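Reader: I am new to this structure and would like a close look at a single part of it. Could you choose one strand and describe its surroundings with care?

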Amino acid sequence: MLTSTDFSGLLNERFFRNFLPVPASNKLRLGVGTPDFQLPDITNGALVKLSDYKGKQPVLIAFTRIFTEKQYCPFCFPHIKALNENYEQFKNRGIEVLMITSTDERQSQIVVRDLGLKMPLLSDPSCRIFRTYQVGQALGAPLPAQFVLDKQGKLRYWHLFSFLDHNASVETLLEQFN
């Protein structure tokens, strides 16, 4: 699925830094906390710190693959839309969804506007958090992945990208919070 024929801005520093394939090699362990991070929430104009949710509510961390404000990964675009369309289901169950992208703040603002995002979109253009969580990279951007954290901040489930199983479905992700 091609979301735009405008490829301007695609070949940037981030693209070349993430060009060579690095397979996902997540070493995080189930039942253990995950690395903390703080990133700007473009949707709500705030700073989000993962540890602020610990002891308060479960969290879905959804790493996504957006190349530019006009170019989305064909595997991730439907996933982004599905999470956004079902965001209220997560919220009604007391779950926060934190979507992380490698687009910069300006590009992320356009994504939020164009897709009408309700969930927090966190901007990580340095890809530092993507690398910390070892989700892998290929062809100009980090790979997608999903991490389910319980109310205590412990990892309960993760899904790493593969060509056979791109992203965990909304249903699969919601099941992890039962």
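Author: What follows is a description of one strand, its partners and the aromatic rings around one of its residues.

The model is a predicted one, and its protein chain holds six helices and nine strands. Of the 178 residues in the protein chain, 51% are buried, and among the contacts between residues at least 6 apart in sequence, 71% join residues at least 24 apart.

The strand chosen here is β8, which spans residues 145-149 and is mostly covered, since five of its five residues are buried. In a regular strand the side chains alternate between the two faces of the sheet. In β8, Ala145, Phe147 and Leu149 point one way, while Gln146 and Val148 point the other way, and all of them are buried.

Two strands pair with β8. Strand β3, residues 59-63, pairs with β8 in the antiparallel sense over five bridges, and within this pairing Ile61 has Phe147 as its bridge partner. Strand β9, residues 155-160, also runs antiparallel to β8 and is joined to it by five bridges, with Trp158 of β9 standing opposite Phe147. The strands β8 and β9 form a hairpin with five residues between them, and in its turn Gly153 has a positive phi of about 85 degrees.

Phe147 also leads from the strand to a group of rings, for ring pairs link Phe37, Phe63, Phe130, Tyr133 and Phe147 into a cluster. A search of the whole structure finds five aromatic pairs. One of them is formed by Phe37 and Tyr133, whose rings lie 6.2 Å apart centre to centre with 75 degrees between the planes, an edge-to-face arrangement. This pair links distant parts of the chain, with Phe37 in the loop between α1 and β1 and Tyr133 in the loop between α5 and β6, 96 residues apart. Phe37 is buried, with a relative accessible area of 4%, and Tyr133 counts as buried because its relative accessibility is 1%, where the cut-off for buried is under 20%.

Tyr133 also pairs with Phe63, and because the ring centres are 5.4 Å apart and the planes stand at 50 degrees, this pair is tilted. Here too distant parts of the chain are linked, as Phe63 belongs to strand β3 and Tyr133 to the loop between α5 and β6, 70 residues apart. Phe63 is buried, as is Tyr133. Strand β3, which contains Phe63, is also the strand that pairs with β8 over five bridges.

Terms used. Residues numbered from 1 in each chain as written. Predicted model: local features only at pLDDT ≥ 70, side-chain atom pairs only at ≥ 80, totals over all residues. Heavy atoms only, no water. Buried < 20%, exposed > 50% of the residue type's maximum accessible area, 1.4 Å probe, protein only. Helix = DSSP H or I, 4+ residues; strand = E, 2+ residues; numbered from the N terminus. Pairing = 2+ DSSP bridges. Contact = heavy atoms within 4.5 Å. Phe/Tyr/Trp six-rings, centres within 6.5 Å; stacked < 30°, edge-to-face > 60°.
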